[in-house]
Amino acid sequence: PCLCSHYSCSNFQPSNSQVSNPSFCLRAPFNFPAKGSFHLFNFMAPITRRTSFPKVLIEKDSDSEQSSSDEEEEEEILVEEENGVAENAKIKKMELGFVANSKGKTPITLSLQKVCKVCKKPGHEAGFKGATYIDCPMKPCFLCKTPGHTTLNCPHRVSTEHGVVPAPRRKTTKPLEYVFERQLRHAIPLIKPKCVIPDQVHCAVIRYHSRRVTSLEFHPTKNNILLSGDKKGQIGVWDFEKVYEKVVYGTIHSCLVNTMKFNPRNDCMVYSASSDGTVSCTDLETGISSSPMNLNPDGWQGPNTWKMLYGMDVNCEKGLVLVADNFGFLHLVDMRSNNRNGDAVLIHKRGSKVVGIHCNPLQPDILLTCGNDHYARIWDLRHLEAGSSLCSLEHKRVVNSAYFSPISGNKILTTSQDNRLRIWDSIFGNMESPSREIVHSHDFNRHLTPFKAEWDPKDSSESLAVVGRYISENFNGAALHPIDFIDISTGQLVAEVMDPNITTISPVNKLHPRDDILATGSSRSLFIWKPRERSEPVEEKDERKIIVYGKAEKKRGKKKGDDSDESDDDDGFSKLKKPKSKQTEWKLARCSKKG
């Protein structure tokens with residue numbers, strides 16, 4: 001009988017012990033001899049499962065190439081199953097666990113090999129080697145996305161205006177074109193004014209924010225006030241003329257501040273749109289903030305329902321704040337009552353982010369939007385319905401930004417992830433294809449704020465734009481990422497500004513609406529650029545004020561849902577290098593961050 005005293009037990013299994021053919025049951029907790037059966041022992045060891053571990057091999061590539069100083073070599077763990085143990089003198093192997101017997105499973109091999117960062121295949125490498133970008137042989141040129149050459153010898157990199165077609169002279173008899181020639185053309189000067197480029201760092205605040213800078217905005221009436229938003233939801237107010245006067249509001253939003261706009265009727269009030277789904281109206285004098293709209297009143301309910309706000313603009317004539325979310329909808333907020341106005345309207349593909357909104361400066365009813373559905377669209381606010389766009393401008397990849405020209409509102413400038421700046425010279429002409437496409441390096445947004453090309457609001461010819469560059473250049477042995485000033489009418493690179501102490505990427509750039517000043521957000525720091533005084537004697541020293549704001553924070557464990565900012569962290573500012581030139585001196589000051 002079975003040990004569990006059941007003669008017809010289904011768990012009856014023979015044993016392999018020394019006793020000839022004893023019988024026992026796995027159901028029995030202890031192996032007592034059953035009644036009527038004879039055994040030579042009183043107790044048997046409890047039956048346990050067979051513990052046979054497969055052989056684990058760790059393979060490591062013997063190649064001992066040194067990695068670059070800027071980026072660590074990426075190693076991927078490739079798990080492969082093999083039927084036998086391969087003998088290779090170049091591979092170091094470590095056996096862990098018990099050796100698998102002949103009836104066990106096949107050994108599992110863990111190999112540590114250097115693989116390409118682009119195609120994830122071994123045998124070659126791609127990425128930055130110091131200041132040089134090495135292309136993956138399996139992919140086309142990283143800069144112009146065209147096969148047949150590499151980024152090092154790309155013709156668009158040697159000559160920025162390569163392949164740019166000048167604007168055609170279209171002669172048309174359309175009524176809108178006639179109105180433009182009669183009413184607007186005379187306000188644009190025919191002679192292009194001389195460009196004044198801010199090419200020298202005047203002052204800076206190092207580690208001003210606790211996370212990377214995401215947006216910048218100058219005060220509409222006070223020339224020395226700069227607003228900045230960061231990834232953590234903080235909004236900073238900085239007087240860059242007095243340098244030390246700065247305030248950080250840390251309780252307005254809980255995550256990324258994507259856009260900020262001032263109230264045209266009250267320059268003390270600023271609207272901000274955040275990825276926490278709220279639009280906030282903040283009084284800069286008192287610091288008191290209100291929330292006219294909250295798209296997530298019930299809190300976090302999962303990624304499928306969480307709404308984030310990206311593009312935003314203010315329509316002063318209608319008294320509306322226009323803001324778009326990550327599901328393709330446009331929301332309206334009444335500035336007078338600080339409440340939502342009407343229902344949301346689907347303006348882009350459902351489920352796609354609407355990352356940019358811009359109202360025409362002369363006709364605010366005309367609206368320009370762009371999003372992740374690879375389109376920039378023109379709308380009329382007086383007839384705003386789903387699918388009622390006046391024009392759709394197709395792009396090959398995601399559109400980061402789209403802006404009307406600042407004076408006439410007749411031109412359009414877009415920035416796309418396919419490394420292209422596209423320009424339409426007239427919204428009244430042929431909109432099927434852009435007037436020009438300019439190849440520029442900005443195809444990167446991992447742990448970075450997306451690059452956006454913006455107009456110079458002071459340029460009356462509407463031909464100068466500023467945008468940060470991703471691919472670094474070798475300047476006296478240092479890998480620097482310049483800020484480019486481009487003539488969009490010809491595609492020519494007017495100037496590239498950089499500083500040997502700024503080794504991080506500068507994706508957020510804002511030109512002053514009245515003065516020759518450029519504000520830059522690079523990692524967690526802010527920089528103010530001004531034109532270099534050409535009339536100063538060479539022997540006279542130029543002093544700049546650089547403030548190190550607080551101390552470098554130690555990297556702690558990442559919270560759930562918090563992306564890492566390691567690639568754009570403040571490593572470039574932890575140890576400021578003193579310039580080799582004796583004509584330049586940095587004024588360094590330290591101040592602790594107050595609550």
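This is a short walk through a predicted model, from its annotated repeats to a sheet, two cores and one buried threonine.

Start with the record. An unreviewed UniProt entry lists "repeat: WD" at residues 206–241 and at residues 392–425. In the model, residues 206–241 are 50% strand and 0% helix. The C-alpha atoms at the two ends of that span lie 16 Å apart. Residues 392–425 are 56% strand, again with 0% helix. Here the end C-alpha atoms are 15 Å apart.

Next, look at a sheet. Four strands form an open sheet in the order β23-β24-β25-β26, and their pairing is antiparallel. Which strands sit at the edges? They are β23, residues 354–359, and β26, residues 391–394. Each of these edge strands pairs on one side only. Neighbouring strands of the sheet are turned against each other by 20° on average, direction ignored. Inside the sheet, take β24 and β25. Strand β24 covers residues 366–371, and strand β25 covers residues 375–380. Five bridges link these two strands in the antiparallel sense. Leu367 shows the pairing at the level of residues: its bridge partner in β25 is Trp379.

Now turn to the interior. In soluble globular proteins, nonpolar side chains tend to be buried together. In this model, the largest nonpolar core has 17 residues. Those with the most contacts inside this core are Val201, Phe485, Val497, Leu518, Phe527 and Trp529. Several strands give two or more residues to the core, among them β9 (200–206), β35 (483–487), β36 (492–497) and β39 (525–530). Strands β32 (464–468) and β40 (542–549) also belong to that group. Which element gives the largest share? It is β9, with three residues. There is also a second, separate core of 16 residues. Tyr208, Trp238, Val243 and Val508 are included in this second core.

Finally, find Thr449. Thr449 sits in the loop between β30, residues 436–439, and β31, residues 454–455. Is this loop residue buried or exposed? Thr449 counts as buried because its relative accessible area is 7%, below the 20% cut-off. What does its side chain meet? The side chains of Thr449 and Arg212 are joined by a polar contact of 3.1 Å. Beyond neighbours within four places in sequence, Thr449 is in contact with Arg212, Val213, Thr214, Pro507 and Val508. One of these partners, Val508, has appeared already, in the second core.

How values were computed. Residues numbered from 1 in each chain as written. Predicted model: local features only at pLDDT ≥ 70, side-chain atom pairs only at ≥ 80, totals over all residues. Heavy atoms only, no water. UniProt positions renumbered as here; feature names shortened; annotations may be inferred. Pairing = 2+ DSSP bridges. Axes fitted to C-alpha atoms, helices over the stretch in contact; angles between N-to-C directions. Core = buried A, V, L, I, M, F, W, Y, C linked by side-chain atoms within 4.5 Å. Buried < 20%, exposed > 50% of the residue type's maximum accessible area, 1.4 Å probe, protein only. Polar contact = N/O pair within 3.5 Å; in protein donor to acceptor, adjacent residues only side chain to side chain. Contact = heavy atoms within 4.5 Å.
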